[in-house]
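Here are some exercises to help you find your way around a new structure. Try each task with the model in view, then follow the worked solution.

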Amino acid sequence: MKNKGNVFSLIPYYAWIILFVIAPIILVGYYSLLDLDGHFTLMNYKQFFTSVYLQMTLSSFWYAFLITFFTLLISYPTAYLITKLKHKQLWLILIIIPSWINLLLKTYAFIGIFGNKGPINSFFNWIGLGDQQILFTSFSFVFVSVYIFIPFMILPIYNSLDKLNPALMDAAKDLGASRLTTFRRVIIPLTADGIKAGIQAVFIPALSLFMITRLIAGNKVITLGTAIEQQFLVTQNWGMGSTIAVFLIIVMFIIMFLTGSKEKGEARNGKTK
Amino acid sequence: MEKLSKTSKLYLTFVMVVLYAPIFFLIFYSFNSGGSMTNFKSFTLTHYKAIFEDDRLMVILINTIIVALLSALLSTVIGTLGAIGIKSIRNRKFRNTILSMNNVLIVSPDVIIGASFLILFTMVGIKLGFLSVLLAHIAFSIPIVVIMVLPKLNEMSNSLIDAAKDLGASKRDILTRVILPYIKPGIFAGFFMALTYSLDDFAVTFFVTGNGFSTLSVEIYSMARAGVSLTINALSGLVFFVTIILVLGYHFLTLRKTKGVRN
């Protein structure tokens, strides 16, 4: 009928979906059921639920949680203050520019900054604390990750704050709400979507980044991503790597599902109230 | 509008300083004639010269640019056609399914994309190297292009197409003379995003690149793992410079475009 031409335009796109979206997921699932010799087995899953892997998973979640928490803590006020500025577009670009610099270069910078003779240690020496080992600790891992994720958190929060109708704030003030109450009961709920988008943009990568752990944390921190990279490229145990990947995919879907359904629920609440 | 308090200003300044300090730290030491990032001896450009004299590094740089341009171009074509196709799907449920499929690669962690593509390429028998990296980059750029183009398509009123049809335009005319010019800003943005995603990617490339082929990110990673080298600093100086030009260029181009539409 009307859009016959468009059917053809979809052929390469559908091919892409089948080859690069569906097939890879199926293949990962398939490989997770194979042992090192290519025989079917459930050993990988059995191994995944032993204490070694569960502990690693838990600690990976804990780090991801810490990273997300601190990123949010720093980003929300920043985004809020930027919306109040005169040249907010310019400021936003200034925030975005660092996120365009290659991730590895930013990570590499911290090898110098946190190094034994780096500026931070010189500062510690100057105030009389003496040399501290900062590099290759879990602190440096969290710090560098937070540093890298800040722009990605600021952006969605800024967008939702910028859409906020200032009249609502005035109304809250007129009705006698204190600044804190206005913030807690008006601003935060209305920017929940931005916060959720930011959390999504930070939490999942925080579970899976492996270059930061390798370069900054030495082998102190092992995330799910590090474990997958290890299994695939070092140990060459694709079966076990795929099993962890399957787990990470499931977690990803759960997080997406949670944030998605909550959004709808809150919108409904908002309307009925 | 209320004025910002002193603490607020201080806080913003602090965040800005923290965001930029590591980058300027890197660039500052790229001019250091000493061999490390600790004490600045004297100003030199040798590290920059070293990049351009290093044939291997130059080949990697050219590879990176070729992969970025090719993958951005191809993914823009496939993604734009895909977006136009998605728009024309009548069945709402099916369209939503396709849209969520589209987003899978955007939200997937890089490690998963890299690992699963590695399995895919090995199964199909594609040799790891230029081709596998290019295919992977096209694959993860397509959904981004679709996301950038779709809003423009949704914005376009159907009456434009109806009018063109009434005036006797063929399907081809409608596509090339009505739809494409209208969604041009979206296509442009999609191409640009695909370009930067490709230039920036490390994890996926790291998985699907063989021994013989390398991109800048992968090279930086192996150099950084080997320890501090001021060549990396000089590279960051160049990357920062190019990034600023790209961001400003993109900003002004889109600014001019939106103004052009208004006029």
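**Exercise 1: Two unusual loop residues**

Phe136(A) is partly exposed, because it has 17 other C-beta atoms within 10 Å. Keep in mind that you are looking at a predicted model.

Task: find where Phe136(A) sits in chain A, then do this for Gln236(A), and work out whether Gln236(A) is buried or exposed.

Solution.
- Step 1. Start with Phe136(A), which belongs to the loop between helix H7 (119-126) and helix H8 (138-163) of chain A.
- Step 2. Look at its backbone: Phe136(A) is not a glycine, yet its phi is positive, at about 65°.
- Step 3. Why does that deserve a second look? Most residues other than glycine have a negative phi.
- Step 4. Move on to Gln236(A), in the loop between helix H13 (224-234) and helix H14 (238-272) of chain A. Gln236(A) is not a glycine either, and its phi is positive, at about 60°.
- Step 5. Count the neighbours: Gln236(A) has 9 C-beta neighbours inside 10 Å, and a residue with 12 or fewer is exposed, so Gln236(A) counts as exposed.

**Exercise 2: The overall build of chain A**

Task: describe the secondary structure of chain A, and say what share of its residues is buried.

Solution.
- Step 1. Count the elements: chain A has 14 helices and zero strands. Read along the sequence, the pattern is α-α-α-α-α-α-α-α-α-α-α-α-α-α.
- Step 2. Box it in: along the principal axes, the C-alpha atoms of chain A fill roughly 75 × 70 × 35 Å.
- Step 3. Look inside: of the 273 residues in chain A, 40% are buried.
- Step 4. Check the contacts: among those in chain A with a separation of 6 or more, 71% join residues 24 or more positions apart.

**Exercise 3: Annotated spans**

Task: use the UniProt annotations to locate the transmembrane regions of chain A, and examine two of them in the model.

Solution.
- Step 1. The unreviewed UniProt entry annotates "transmembrane region" at residues 12-33, 61-83, 90-114, 134-158, 197-217 and 237-258 of chain A.
- Step 2. Take residues 61-83 of chain A: this span is 100% helix and 0% strand, and its end C-alpha atoms lie 32 Å apart.
- Step 3. Now take residues 90-114 of chain A, where the span is 88% helix and 0% strand, with 31 Å between the end C-alpha atoms.
- Step 4. The unreviewed entry also annotates "domain: ABC transmembrane type-1" over residues 57-259 of chain A. In the model, this stretch is 80% helix and 0% strand, and its end C-alpha atoms are 21 Å apart.
- Step 5. For chain B, the annotation "domain: ABC transmembrane type-1", again from an unreviewed entry, covers residues 61-250. Here the chain is 85% helix and 0% strand, with the end C-alpha atoms 22 Å apart.

**Exercise 4: Where the chains and domains meet**

Task: find which helix gives the most to the side of chain A that touches chain B, and how many residues each domain of chain A puts into the contact between them.

Solution.
- Step 1. Between the chains, 63 residues of chain A are in contact with 59 residues of chain B.
- Step 2. On the chain A side, helix H2 (residues 11-31) gives the most, with 12 residues.
- Step 3. Sort this side by class: there are 46 nonpolar, 12 polar and five charged residues.
- Step 4. Turn to the domain assignment, which gives domain 1 (1-31) and domain 2 (45-272) of chain A. Their centres, taken over C-alpha atoms, are separated by 32 Å.
- Step 5. The contact takes four residues from domain 1 of chain A and six residues from domain 2 of chain A.

**Exercise 5: How confident is the model?**

Task: say which helices of chain A have the lowest and the highest confidence.

Solution.
- Step 1. Begin with the whole: chain A has a mean pLDDT of 86, and 92% of its residues reach 70 or more.
- Step 2. Compare the helices: confidence is lowest in helix H1 (residues 4-9) of chain A, at a mean of 62, and highest in H2(A), at 95.
- Step 3. Check the end: over residues 261-273 of chain A, pLDDT stays under 50, and the model has three contacts beyond four places in sequence for them.

Technical notes. Residues are numbered from 1 along each chain as its sequence is written. Chains are lettered from A and ligands numbered from 1 in the order in which they are written. This is a predicted model: local features need pLDDT of at least 70, side-chain atom pairs count only at pLDDT 80 or more; totals for chains, interfaces and linings use all residues. Helices (H or I, at least four residues) and strands (E, at least two) are DSSP runs, numbered from the N terminus. A residue is buried if 20 or more other C-beta atoms lie within 10 Å of its own, exposed if 12 or fewer, and partly exposed in between; C-beta atoms are placed from the backbone. Two residues are in contact if their C-beta atoms, placed from the backbone, lie within 7 Å. UniProt positions are given in the numbering used here, feature names are shortened, and annotations may be inferred rather than shown by experiment. Ala, Val, Leu, Ile, Met, Phe, Trp, Tyr, Cys and Pro count as nonpolar, Asp, Glu, Lys and Arg as charged, and the others, Gly among them, as polar. Domain bounds come from an automatic or database domain assignment. pLDDT is the predictor's confidence in each residue, from 0 to 100.
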